[in-house]
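The following exercises introduce a protein chain to a reader who has not met it before. Each task is followed by a solution that proceeds step by step.

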Amino acid sequence: MEKRMMRKKDEKGFTLVELIIVIAIIAMLIAMIAPNLTKFLGTATETTLKANAKTAYTSVNAWVTQQRVAGVALENISETNPLIVKLKADGSALEVSSASGGYNQIGLYSQMLELFNAGEFKSTTQLHIWFTSGYTVTKVVWYEGNDSAAYPD
């Protein structure tokens with residue numbers, strides 16, 4: 001009997017009960033942390049989209065002002081026909097198009113692409129820019145998949 005007791009004390013390792021208790025504690029911690037983590041990830045995505053929209057708004061407004069000062073007339077600006085900036089199908093560069101066509105100066109508007117880094121765009125990213133007839137940007141919406149953020153709100 002004493003040999004059995006001595007042998008148990010000399011054996012190293014954890015019992016099954018000890019391992020189950022540790023696993024249960026870890027599972028409870030994960031259950032408490034997971035909801036907060038998903039909430040923080042959602043908030044981070046929303047904040048990123050809003051920051052991107054605001055940066056794009058400021059940059060495009062500066063570009064439009066620069067074009068006006070240089071005496072370049074921007075044609076076909078419409079509050080109902082936004083310009084759309086997105087990644088080309090092959091992913092090589094950005095391209096500008098319009099929602100309903102009618103922009104004769106797509107080449108001129110393509111100069112605006114220098115404001116953006118193609119690396120920030122994913123295949124699902126689109127930037128919609130609305131102008132007034134007075135050549136000011138009224139609204140920018142940054143789309144990322146199913147999520148979007150507008151500036152100004």
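## Exercises on a predicted model

In this predicted model, Val 85 stands opposite Leu 127 in strand S3.

**Exercise 1.** Identify the strand to which S3 is joined by four bridges, and give the direction of the pairing.

*Solution.* Step one: strand S1 covers residues 83-87 and strand S3 covers residues 125-131. Step two: four bridges join S1 and S3, and the two run antiparallel. Step three: a further partnership can be named, since the bridge partner of Leu 83 in S3 is Ile 129.

**Exercise 2.** Describe how S3 is joined to S4 and what lies between them.

*Solution.* Step one: seven bridges join S3 to S4, and the strands run antiparallel. Step two: one of the partnerships sets Thr 125 against Glu 144 in S4. Step three: five residues lie between the two strands, which form a hairpin. Step four: in the turn, Tyr 135 has a positive phi of about 60 degrees. Most residues other than glycine have a negative phi. Step five: as for cover, six of the seven residues of S3 are buried.

**Exercise 3.** Place the five strands in the order they take in the sheet, and state which stand at its edges.

*Solution.* Step one: the order is S2-S1-S3-S4-S5, in an open sheet with antiparallel pairing. Step two: S2 (94-98) and S5 each have a single partner strand, so one side of each has no neighbour in the sheet and both stand at the edges. Step three: from one strand to the next, the twist averages 20 degrees. Step four: helix H2 packs on the sheet and touches S3, S4 (137-144) and S5. The direction of H2 makes about 140 degrees with that of S4.

**Exercise 4.** Classify the aromatic pair formed by Tyr 57 and Tyr 151, and decide whether each residue is buried or partly exposed.

*Solution.* Step one: the count of aromatic pairs comes to one. Step two: the ring centres of Tyr 57 and Tyr 151 are 5.0 Å apart, and the planes stand at 70 degrees. Step three: planes over 60 degrees apart count as edge-to-face, so this pair is edge-to-face. Step four: Tyr 57 belongs to helix H2 (residues 16-69) and Tyr 151 to strand S5 (residues 147-151), so the pair links parts of the chain 94 residues apart. Step five: buried means under 20% relative accessible area; Tyr 57, at 18%, is therefore buried. Tyr 151, at 27%, counts as partly exposed.

**Exercise 5.** State whether the peptide bond from Tyr 151 to Pro 152 is cis or trans.

*Solution.* Step one: omega for this bond is near -10 degrees, and the bond is cis. Step two: most peptide bonds are trans. Step three: Pro 152 lies in the segment after S5.

**Exercise 6.** Determine whether Gln 67 is buried or exposed, and which residues it contacts beyond its neighbours within four places in sequence.

*Solution.* Step one: Gln 67 is found in helix H2. Step two: its relative accessibility is 8%, so Gln 67 counts as buried. Step three: leaving aside the neighbours within four places, Gln 67 is in contact with Val 72, Leu 74, Leu 108 and Gln 111.

**Exercise 7.** Summarise the chain as a whole.

*Solution.* Step one: the chain has three helices and five strands. Step two: from the N terminus on, the elements run α-α-β-β-α-β-β-β. Step three: of the 153 residues, 28% are buried.

Terms used: Residues are numbered from 1 along each chain as its sequence is written. This is a predicted model: local features need pLDDT of at least 70, side-chain atom pairs count only at pLDDT 80 or more; totals for chains, interfaces and linings use all residues. Side-chain values use heavy atoms; hydrogens and water are left out. Rings of Phe, Tyr and Trp (its six-membered ring) pair if their centres lie within 6.5 Å; planes under 30 degrees apart count as stacked, over 60 as edge-to-face and the rest as tilted. Buried means under 20% relative accessible area, exposed over 50%, partly exposed in between (1.4 Å probe, protein chains only). Two strands pair if DSSP finds at least two bridges between them. Axes are lines fitted to C-alpha atoms, for helices over the stretch in contact, and angles run from 0 to 180 degrees between N-to-C directions. Contact means heavy atoms within 4.5 Å.
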